[in-house]
Amino acid sequence: APAPHPPAPAPARPPAPASAMSGIAISEALLTVYEDVKLKAKHKFVVFTLEKVAQTGTKSTWDWKVLETADEGGDNQGKWEEMVGMLPEDEARFVVFDFNDTKADGVLIKKLVLIKWCPDTVHFRTKPIIGASYQTLKTKLDGISADVEATDVDDIDYEDIKKLL
């Protein structure tokens, strides 16, 4: 008798459309830039956002957009302050920061930090999308050591973040 065939693999399902509850699926472009930070130390930090790319009636379509990348190197605290200065007062942003510093006891810190920047002035209909997409990022961006949710610059004070790590 002929050998039985192994069961056929299940067909790949297309990605489900994102909703406010599931967050926006992570784009390949965003994953590539993240890998550049994580594995290649190509960028000190990456600032990105969700951009509304279409609207049909009350349904909006969103996609990821990388806004800024900073070259690796330079003073860690100086780069942190540069990144904080890029965060707008009225729009949400996400940041992956390659944090390198030394604690007071001499222990070296080298950790990837994910920041959700969502000031109180962000439109109330946008906040659930930002929050759910942040949860997606925390799940999909492998190697994040710490995540911080910030609504103003006091939430991302350099020394406080350093202590957190």
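F45 sits in strand β1, which runs over residues 43-56. With a relative accessible area of 0%, F45 is buried, since anything under 20% falls into that class. The model behind these values is a predicted one. Far along the chain from F45 comes F99, 54 residues away in sequence, yet the C-alpha atoms of F45 and F99 are separated by 8.8 Å. F45 and F99 also turn up together in one aromatic cluster, whose other members are W80, F97 and Y158.

As for the overall layout, the chain holds 4 helices and 5 strands. Going along the sequence, these elements come in the order α-β-β-α-β-β-α-β-α. The chain has 165 residues, and 39% of them count as buried.

Back to the aromatic residues. Over the whole structure, a search turns up 10 aromatic pairs. In one of them, W80 and F97, the ring centres lie 4.8 Å apart and the planes meet at 75°, so this pair is edge-to-face; the cut-off for that label is over 60 degrees. This pair bridges distant stretches of the chain, with W80 in helix α2 and F97 in strand β3 (residues 93-102), 17 residues apart. W80 counts as buried because its relative accessibility is 0%. The same goes for F97, which is buried at a relative accessible area of 0%.

A second aromatic pair brings in F94 and Y134, and here the arrangement is stacked, at 6.5 Å from centre to centre and with 20° between the planes. Again distant parts of the chain are linked, since F94 belongs to strand β3 and Y134 to helix α3 (residues 127-140), with their positions 40 residues apart in sequence. F94 and Y134 are both buried.

Now for the charged side chains. The count of salt bridges comes to 9. One of them joins E51 to K65, with 3.4 Å between the closest N and O atoms. Because E51 is in strand β1 and K65 in strand β2 (residues 59-71), this salt bridge ties together parts that are 14 residues apart in sequence. Both partners are partly exposed: E51 has a relative accessible area of 33%, and K65 has one of 36%.

R93 and E91 make another salt bridge through their side chains, at 3.1 Å from N to O. The two partners fall into separate classes of burial. R93 counts as buried because its relative accessibility is 12%, which is under the 20% cut-off. E91, at 40% relative accessibility, counts as partly exposed.

K138 and D147 also meet in a salt bridge, this one at 3.5 Å from N to O. K138 is partly exposed, with a relative accessible area of 31%, and D147 is partly exposed as well, at 36%. Elsewhere, D36, K40 and K42 are linked in a network of salt bridges.

Close in sequence to that network is A41, a residue with an odd backbone angle. A41 is not a glycine, but its phi is positive, near 50°. For residues other than glycine, phi is mostly negative. A41 lies in the loop between α1 (28-38) and β1. With a relative accessible area of 34%, A41 is partly exposed.

Not every acidic residue is taken up by a salt bridge. On the surface, E81, D120, D152, D154, D155, D157, E159 and D160 gather in a patch of negative charge. Membership of such a patch calls for over 30% relative accessible area and no salt bridge. E81 is partly exposed, at 42% relative accessibility, so it clears the 30% cut-off for a patch. E81 is placed in helix α2 (residues 76-85), the helix that also holds W80. Helix α2 therefore carries both the buried W80 and the partly exposed E81.

Notes:
Residues numbered from 1 in each chain as written. Predicted model: local features only at pLDDT ≥ 70, side-chain atom pairs only at ≥ 80, totals over all residues. Heavy atoms only, no water. Patch = residues over 30% accessible without salt bridge, like charges linked within 9 Å, V, L, I, M, F, W, Y side chains within 5 Å. Areas by Shrake-Rupley, 256 points an atom, 1.4 Å probe, with all protein chains shown as cover. Salt bridge = Lys/Arg side-chain N within 4 Å of Asp/Glu carboxyl O. Lys, Arg positive; Asp, Glu negative; His and termini not counted. Charge placed at Lys NZ, Arg CZ, Asp CG, Glu CD. Helix = DSSP H or I, 4+ residues; strand = E, 2+ residues; numbered from the N terminus. Buried < 20%, exposed > 50% of the residue type's maximum accessible area, 1.4 Å probe, protein only. Phe/Tyr/Trp six-rings, centres within 6.5 Å; stacked < 30°, edge-to-face > 60°.
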